[in-house]
Amino acid sequence: MDARDDRLNRGFMALADPVRRQIIARLSTGPATVNDLAAPFEISKQAISKHIQVLEQAGLVTRTRDAQRRPVHLDAAALESLTAWIDRYRLLHEQQFRSLDAVLAASDATTGASAVGDTTESTSELEES
């Protein structure tokens, strides 16, 4: 496994937890302290700190020192690398679905044309009887 795969694995594992996803969502609006991040949850600040550590180890967030505060910042580039990986496969599957749609549309057009011909022939046969 190369370093890129390791970063992807750590990133996706970090995002597997709903609390960490909510932390990421909050940080997308700007930096926040542990107290700010803990406010909406009914868990301890220590538990929030552990979630932040997981996000740090995955490279998704960083902490800085601002006097007494240690704000947490989202690393948008790291998050972008995860979405780029997802997009690569999403685009691949969308292309496959477009190809399948084209085949089905061509099949419907062929089937529809022969069905119209069959109906015309059946009507003609009934009129002759």
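**Exercise 1. Which residues does K45 touch, not counting residues up to four places away in sequence?**

Before the solution, note that this is a predicted model, in which local features need pLDDT of at least 70, side-chain atom pairs count only at pLDDT 80 or more, and totals for chains, interfaces and linings use all residues. Residues are numbered from 1 along each chain as its sequence is written, and side-chain values use heavy atoms, with hydrogens and water left out.

Step 1. Place K45 in helix α4, where helices (H or I, at least four residues) and strands (E, at least two) are DSSP runs numbered from the N terminus.

Step 2. List the partners: K45 touches V34, N35 and A38 when residues up to four places away in sequence are not counted, and contact means heavy atoms within 4.5 Å.

Step 3. Add a distance along the backbone: K45 and N35 are 10 residues apart along the chain, and their C-alpha atoms are separated by 6.9 Å.

Step 4. Classify the accessibility of K45: its relative accessible area is 48%, so K45 is partly exposed, given that buried means under 20% relative accessible area, exposed over 50% and partly exposed in between (1.4 Å probe, protein chains only).

**Exercise 2. Determine whether A38 is buried or exposed, and find its contacts.**

Step 1. Locate A38 in helix α3.

Step 2. Read its relative accessible area, which is 7%, so A38 is buried.

Step 3. Leave aside the neighbours of A38 within four places in sequence; the contacts are then K45 and I48.

Step 4. Compare positions along the chain: A38 and S49 are 11 residues apart, while their C-alpha atoms are separated by 8.7 Å.

**Exercise 3. Describe how helices α2 and α4 are placed relative to each other.**

Step 1. Recall that two packed helices are described by the angle between their axes and the distance between the axes.

Step 2. Apply this to α2 (residues 18-27) and α4 (residues 45-57): their axes come within 10 Å and cross at roughly 75°. The axes are lines fitted to C-alpha atoms, for helices over the stretch in contact, and angles run from 0 to 180 degrees between N-to-C directions.

Step 3. Name the arrangement: α2 and α4 are therefore roughly perpendicular to each other, since angles under 35 degrees count as roughly parallel, over 145 as roughly antiparallel, 65 to 115 as roughly perpendicular and the rest as oblique.

Step 4. Identify the residues that meet: α2 brings V19, R20, I23 and I24, and α4 brings I48, H51, V54 and L55. By class, this contact of α2 with α4 has 6 nonpolar, 1 polar and 1 charged residues, where Ala, Val, Leu, Ile, Met, Phe, Trp, Tyr, Cys and Pro count as nonpolar, Asp, Glu, Lys and Arg as charged, and the others, Gly among them, as polar.

Step 5. Look at H51, which has its place in helix α4. Its relative accessible area is 13%, and H51 is therefore buried. Apart from neighbours within four places in sequence, H51 is in contact with D17, V19, R20, I23 and I43.

**Exercise 4. Find the residues with the most contacts inside the largest nonpolar core, and the elements that build this core.**

Step 1. Fix the term: a nonpolar core is a set of buried Ala, Val, Leu, Ile, Met, Phe, Trp, Tyr and Cys residues joined through side-chain atoms within 4.5 Å.

Step 2. The largest such core has 21 residues, and I23, L37, I48 and L60 have the most contacts inside it. Two or more residues come from each of α1 (3-15), α2, α3 (34-38), α4 and α5 (76-128), and the largest share, 4 residues, is that of α2.

Step 3. Examine I48: without its neighbours within four places in sequence, I48 is in contact with V19, I23, V34, L37, A38, F41 and I43.

**Exercise 5. Show which residues F12 contacts, and set this within the chain.**

Step 1. F12 has its place in helix α1, and at 30% relative accessibility it counts as partly exposed.

Step 2. Leaving aside neighbours within four places in sequence, F12 is in contact with L82, W85 and I86. F12 and L79 are 67 residues apart along the chain, and their C-alpha atoms are separated by 9.8 Å.

Step 3. For the chain, residues 24 or more positions apart account for 47% of the contacts with a separation of 6 or more. The chain has 5 helices and 2 strands, in the order α-α-α-α-β-β-α from the N terminus on.
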